[in-house]
Amino acid sequence: MTLVVKIAPPQEPQVDLSRTYDAVVVGSGAAGGMAAHVLTSQGMQVLLLEAGKKINIEQELRSMEWPYDNARRGNLPPGSHALRFNEYNIRQPPYARASTYKHVYSYVGGWDGGDYVKNILVDEKDHPYTGTKYAWVRARLLGGKTNIWGRLALRLSDYDFKGKTHDGYGEDWPIAYADLEPYYDKVDLLLGISGHKENLPHLPDSLFQRPNKLTIAEVQLRNTLKGMNRVLTPYRAGVTTDGVKNKYRSKCFGRGACGRRPGGCDIHAAFDSPTGLIYPAMDTGNLTLRTNSIAHEVLVDPNTGKARGVSFVDAQNRKTYEAKAKAVILAASTLESARLLLLSQSRQYPTGIGNSSGHVGHNFCEHVMGPGATGLVKDLVGKPHTLDDGKPGGFYIPRFRNLQDKQNGFIRGYGFEGGAGHSIFPNGTDAPGFGAAFKKRVREYSGAFIGLGGFGEVLARYENYVDLDPQMKDAWGIPSLRFHYQFSDNEKKMCEDMAVTAKEMLEAAGIEIIGVDKNILTEGWSIHELGTARMGTDPKTSVLNQFQQSHDVKNLFVVDGSSHVSASCQNPTWTIMALAWRSCEHLADQFKKGEL
Ligand SMILES: Cc1cc2nc3c(=O)[nH]c(=O)nc-3n(C[C@H](O)[C@H](O)[C@H](O)COP(=O)(O)OP(=O)(O)OC[C@H]3O[C@@H](n4cnc5c(N)ncnc54)[C@H](O)[C@@H]3O)c2cc1C
Ligand code: SF4
């Protein structure tokens, strides 16, 4: 019998703010966790500042709790509200300002099981932002969004890193796939990833562990797509299916709990930053963690112009403290890191630290979502039930547009996420009728549905940006972000194509179309925000060099998605971690040579 691993988090060393640490890392999600892991493994003494609290995550997620064991079937308690699509579109941020609810959460809180994530998502009342509409999802706690992420773990390719060379738009990244490949490999081996090799130049394979099994309908679609020169591959999940050397994590038991709720795995088979990176880093004895620590300024040595530490507010006692360090690493997530750079204004850096180019906050990009299709596989109606959802994901259809071909109307591409088959709770409950006939119909049809939805590259454009709102402040008195961000015609044309190809693929597989979605979801919906402090070779048009090191301040690094030069259409987290690993190795090397 395999036992579930239940190892308590390590003892936390005492925080000593009188000392100067080798490095201070801000934020403990995918990026900050990786920075802490790499720097401590290189022997550096690191202080990790996390704005949120450390919660008992296993208890919070209650992955194995049945809905009927929860008072409200997992829904949010009275007095709490999750923002809906229309609220994002009809109203202007700050969305929670006029709300009569005591607590307001982003739309993720409205998914089935919102009660399980209410202490993970930020309360929008405390964290306002202004400007153009944007569905900004934030998780403020140890591990950030990795506690509930969707687990799709994809690599980028030179179609992404060298996008400008390919189609003339935007900027190439200052690195190529060959530079990052060894670090993707390291991330795969350290954290575990399940998937199936496909040998695609535009979606490089990982060092995969056992893949998830495709369902009957998924295999049917995969076989059809082969004839269309498209690929359907099992969900590449950032989940260890064969196990990794890490006492805080179990291998996947295939319970599917992570897919039925807004994410999360209480045995940590799915990667999360605390068990995957931070606890092992603490075990080196080189990592000190301070939670409830909201960084609001990178401090500067007036003589050298170098970063000398970070000023932060304690979220609970609201007092301000300073953390001193020889190197500062921002990893607060794309938008929060940009906010921090902009907040860090001084005599040397009047428009924000590292912002001599004026590009901080700009070139903001992400993925556009919405269009997709749902179908019914008639042959499966009334067939015996099979265990289909005991796995951490369904399938992925990689980009097929603008690779060898050139589409009319838009550049770049999109991929589809999808799934089919039986789920623990039957789908198709909008069937007509009631009573015994209704139940019979639901039983017969459940498991015969298939759905897919697109994720497309939003072009990085200077005009899409965030800055500081001159009036609005958060609950701790820190100026809020203001959005100036909209989809362009390229995204709209791409979305039209997504709806067409989603339908055409299902039809080609002989699947009856039940619905085609053409609507574009609100900006931000993808939770893949990127690009606000991009890397580049030219300090006049970029913020960071190829090692995510500030062009202006050599001991300042920004290792999250803000450094990405373009969004690609692949989900970003695996790339965020591979890049952070590469940069932090470089940082440690420079540190040892005394070059920082
Ligand atoms: C529901 C959901 C599904 C997702 N699905 C996928 C997926 O399938 N694939 C994928 O690749 N990605 C997915 N993502 C996105 C993924 O979670 C992020 O790309 C990833 O977590 C980014 O890592 P990060 O470290 O940059 O940010 P985060 O994980 O957000 O971590 C940032 C941390 O910094 C802290 N912080 C912020 N400001 C401050 C401050 N001022 N001082 C101190 N600390 C601060 C935050 O509290 C947080 O803990 C999903 C996200 C969500 C929410
Ligand atoms: S399917 Fe695997 S990753 Fe998902 S909750 Fe179950 S054990 Fe965790």
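Me: How many bridges join S13 to S14?
Reply: Strands here are DSSP runs of E with at least two residues, while helices are runs of H or I with at least four, numbered from the N terminus. Two strands pair if DSSP finds at least two bridges between them. S13 and S14 run antiparallel, and Gly419 stands opposite Gly451 in S14. The number of bridges joining S13 to S14 is seven.

Me: Which strands sit at the edges of the six-stranded sheet?
Reply: This is a predicted model, in which local features need pLDDT of at least 70, side-chain atom pairs count only at pLDDT 80 or more, and totals for chains, interfaces and linings use all residues. Residues are numbered from 1 along each chain as its sequence is written, chains are lettered from A and ligands numbered from 1 in the order in which they are written, and side-chain values use heavy atoms, with hydrogens and water left out. The sheet itself is open and antiparallel, in the order S6-S12-S13-S14-S11-S17. The edges, each pairing on one side only, are S6 (233–234) and S17 (512–517).

Me: Is S14 mostly covered or mostly open, and how many of its residues are buried?
Reply: Buried means under 20% relative accessible area, exposed means over 50%, and partly exposed is in between (1.4 Å probe, protein chains only). S14 has nine residues and is mostly covered. The buried ones number seven.

Me: What is the bridge partner of Gly375 in S14?
Reply: S11 (residues 367–376) pairs with S14 (residues 449–457) in the antiparallel sense, over eight bridges. Look across from Gly375 into S14 and the partner you'll find is Ile450.

Me: Which helix packs on this sheet at about 20° to S11?
Reply: Contact means heavy atoms within 4.5 Å; axes are lines fitted to C-alpha atoms, for helices over the stretch in contact, and angles run from 0 to 180 degrees between N-to-C directions. One helix, H7 (residues 216–226), lies across S6, S12 (395–397), S13 (414–420) and S14, at about 20° to S12. Another helix touches S11, S12, S13, S14 and S17, and the one at about 20° to S11 is H12 (residues 489–508).

Me: Where does Asn229 lie?
Reply: Most residues other than glycine have a negative phi, and most peptide bonds are trans. Asn229 has a positive phi, near 60°. With a relative accessibility of 73%, Asn229 counts as exposed. Its place is the loop between H7 and S6.

Me: Which residue does a cis peptide bond join to Pro93?
Reply: Omega is about 5° at this bond. The partner is found in the loop between H3 (85–90) and S4 (103–105). That residue is Pro94.

Me: What does the three-stranded sheet have packed on it, touching S15 and S16?
Reply: This open sheet runs S5-S16-S15 with mixed pairing, and S5 (130–131) and S15 (465–473) are its edges. S5 and S16 (residues 479–484) run parallel, joined by two bridges, and Gly131 has Phe483 as its bridge partner in S16. Making about 65° with S15, the helix packed there is H10.

Me: What angle lies between the planes of Trp66 and Tyr68?
Reply: Rings of Phe, Tyr and Trp (its six-membered ring) pair if their centres lie within 6.5 Å; planes under 30 degrees apart count as stacked, over 60 as edge-to-face, and the rest as tilted. That rule gives 27 aromatic pairs. Trp66 and Tyr68 form one that is stacked, 5.8 Å centre to centre, and the angle between their planes is 5°.

Me: Which ring does the charged end of Arg138 sit over?
Reply: A charge sits over a ring if NZ of Lys or CZ of Arg is within 6 Å of the ring centre and within 35 degrees of the ring normal. Arg290 does this with Tyr321, 5.0 Å from the ring centre. For Arg138 the distance is 4.0 Å, and the ring belongs to Trp136.

Me: What radius of gyration does the chain have?
Reply: The chain comes to 13 helices and 18 strands, and 62% of its 596 residues count as buried. The radius of gyration is taken over C-alpha atoms, and the globule rule is 2.2 Å times the number of residues to the power 0.38. A compact globule with 596 residues would be near 25 Å, which agrees with the chain's value of 23 Å.
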